Amino acid sequence: MTAATAIMASWVTSRGSLRAAREQADAAARAQRRSWLAQSRRDSYIEVVNRAHDMGALYRELPLVLAMPAGAEKAAAVEEHAKQLREAYGPFTRACDVMVVDAGNSVAEAVQRVFDHSRSIYMCLLDATASGDAQSVYAEAIHQYWQSLHELVWEMHREGN
């Protein structure tokens, strides 16, 4: 009877140890996944902010183009600047799309506002040759763009903490 009791106790102990090891491995895997997701989210945040600032650098050059007198020279400058914006816009768009997937709702909505205001500035440039009021439209659009970017960063901060 003592041997049977010892075997039974050993069997119960080993099952308990096995279960504890499984639970510990599962907990470690969950923690590693949370860490990976948090790092992925931070990386996408950094990418969007960097791309938004790249776009902002190009937007800062727009007043010079918009202030040019109407004519062939202005049309060429608008076309060249639009080309530069299109080249920067692709990576910016991709970064925004990734952010929408990785982020929570408030950040996703904020990045969409940045994206929308960015489009408004681009449309302002395209309208520059047809409209004499492009500078005032640009001033409001650029203000909204930077404001929405600041709101995005704030939402990122809120979500991250």
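**Exercise 1.** Starting from Leu 152, find which residues it touches, not counting residues up to four places away in sequence.

*Solution.* Take contact as heavy atoms within 4.5 Å; Leu 152 then touches Val 48, Val 107, Ala 110, Val 111 and Val 114. The structure is a predicted model, in which local features need pLDDT (the predictor's confidence in each residue, from 0 to 100) of at least 70 and side-chain atom pairs count only at pLDDT 80 or more, while totals for chains, interfaces and linings use all residues. Residues are numbered from 1 along each chain as its sequence is written, and side-chain values use heavy atoms, with hydrogens and water left out.

**Exercise 2.** Place Leu 152 within the largest nonpolar core, and identify the helices that supply this core.

*Solution.* A nonpolar core is a set of buried (under 20% relative accessible area, 1.4 Å probe, protein chains only) Ala, Val, Leu, Ile, Met, Phe, Trp, Tyr and Cys residues joined through side-chain atoms within 4.5 Å. The largest one has 37 residues, and Leu 152 is among those that touch the most other members, together with Tyr 59, Phe 92, Met 99, Ile 121, Tyr 138 and Tyr 145. At least two residues of this core come from each of H1 (2-60), H2 (62-66), H3 (72-102), H4 (105-126) and H5 (134-160), helices being DSSP runs (H or I, at least four residues) numbered from the N terminus.

**Exercise 3.** Determine where confidence in the chain is lowest and where it is highest.

*Solution.* The chain has a mean pLDDT of 83, with 88% of its residues reaching 70 or more. Confidence is lowest in H1, at a mean of 80, and highest in H3, at 88.

Key: Buried < 20%, exposed > 50% of the residue type's maximum accessible area, 1.4 Å probe, protein only.
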